[in-house]
Every structure is written in structure tokens, then in C-alpha cells.
Amino acid sequence: DAVIVATPIRWGAPSSLYYKMAERLNCVQVDVATKEEQIICNKVAGFIIVGGQDNIQGVAGQMLSFFGELGFHFPQFPYIAHSRGWSHEDMENNVRIVRDSKALAEGAAALAERCLAIAGRLIVHDQPPAPPVGMRGGMKGRPIGAD
């Protein structure tokens, strides 16, 4: 009912493992766009983004956009993040700092609580999503029936 996806920042983007996962989830988005079938309904996603590089907002925006197109819901404040910036590409220190950070651990727990709270409300109300009106997901600006 809820997923939390974590990724390091690599060259200003999510990791290659994140992209492998996204490639495999592409079939879900294709079903929304081509068949108007929503496979993911009433599910919640949150994100943890860490790394020695900047571009947290860019990575978060890409992840929010992709998971939004799959049909996920998001809690308020849908991600937590940590970066020491471009001048701190020393992974041994980054790993230690993240591992030992009480603030990040508390932030991750709070993110999980927010995701589960939204998921709990969706479970209680368990209603199918409303069908798109006039447009299909993933094909913005293309009216239904324009095939």
C-alpha cells in the first residue's frame, strides 16, 4: 500500500538502479496511456534522496513526476534528502554521516508515518480512481479517441 524508494544522487540524477526499476515499471504507464487501464490504484510513494552532489530538487521532481504518472499518491512533504554538495564527493564520509545522522533517521521515520497515514485513509475509502476526463494519463494534450 505504500513504498519508499531510496536513491543516491549520481551525476545529478537518480542512480542507475533506480532507472532499471523505472524501465521495468514503464509497462504500467503504457497501460494507462494506451489502454486507459490503471494498474496502480490507491498506493502511496515517498522518497529518500542522499548523496555527495547537489540537485536534490531535480531528482525529487523527476521521481515525483514518474510515480505520479504511474498513479501513486504522495503525502505532504513526500521526500527527505541529504547532500553535502559537489565539494564533498568523499563517499566514506558521506556514508558515515548518513548512517550516524539522528535527524535523517527521524526524518525517514516521519516520512514512513506520513506515507502510511495516507495509505490507511485510502484503504478505508478504497474507491477506484475516477476515469480521466477527456485526456489519458501520459498523453497530455491528446484527446481520447484521437487514435
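Me: Is F74 buried, partly exposed or exposed in this model?
Reply: Happy to start there, and please keep in mind that this is a predicted model. Buried would need under 20% relative accessible area and exposed over 50%. The relative accessibility of F74 is 27%, so this residue counts as partly exposed.

Me: Thanks! How many aromatic pairs does a search of the whole structure find?
Reply: Two ring centres have to lie within 6.5 Å to pair. With the whole structure searched, the number of aromatic pairs is 5.

Me: What kind of pair do the rings of Y18 and Y19 make?
Reply: Their centres are 5.6 Å apart, and planes over 60 degrees apart count as edge-to-face. Y18 is buried at 3% relative accessibility, while Y19, at 32%, is partly exposed. The planes of the two rings stand at 70 degrees, so the pair is edge-to-face.

Me: And what about the rings of F47 and F74: stacked, tilted or edge-to-face?
Reply: Here the ring centres are 6.1 Å apart. Stacked needs planes under 30 degrees apart and edge-to-face over 60. The planes of F47 and F74 are at 45 degrees, so this pair is tilted.

Me: Where in the chain do F47 and F74 sit, and how many residues apart are they?
Reply: F47 belongs to strand β3 (residues 44-51) and is buried, with a relative accessible area of 0%. F74 lies in the loop between α2 (56-70) and β4 (79-83). The pair therefore links distant parts of the chain, 27 residues apart.

Me: Which residues do ring pairs link into a cluster?
Reply: The tilted pair of F47 and F74 is a good place to begin. Both belong to a cluster linked by ring pairs, whose members are F47, F66, F67, F72 and F74.

Me: Which strands are at the edges of the sheet?
Reply: The sheet is open, has 4 strands with mixed pairing, and follows the order β2-β1-β3-β4. An edge strand pairs on one side only, and that describes β2 (13-14) and β4.

Me: What is the bridge partner of I9 in β2?
Reply: Strands β1 (residues 2-10) and β2 run antiparallel and are joined by 2 bridges. The partner of I9 in β2 is P14.

Me: How far apart are the end C-alpha atoms of α4, and what span should its residues give?
Reply: Helix α4 (residues 102-125) lies across β1, β3 and β4, at about 165 degrees to β3. Its buried residues include L104, L111 and L122. At 1.5 Å a residue, the 24 residues of α4 should span 34 Å, which agrees with the distance between its end C-alpha atoms, 35 Å.

Technical notes. Residues are numbered from 1 along each chain as its sequence is written. This is a predicted model: local features need pLDDT of at least 70, side-chain atom pairs count only at pLDDT 80 or more; totals for chains, interfaces and linings use all residues. Side-chain values use heavy atoms; hydrogens and water are left out. Rings of Phe, Tyr and Trp (its six-membered ring) pair if their centres lie within 6.5 Å; planes under 30 degrees apart count as stacked, over 60 as edge-to-face and the rest as tilted. Buried means under 20% relative accessible area, exposed over 50%, partly exposed in between (1.4 Å probe, protein chains only). Two strands pair if DSSP finds at least two bridges between them. Contact means heavy atoms within 4.5 Å. Axes are lines fitted to C-alpha atoms, for helices over the stretch in contact, and angles run from 0 to 180 degrees between N-to-C directions. The expected span of a helix is 1.5 Å times one less than its number of residues.
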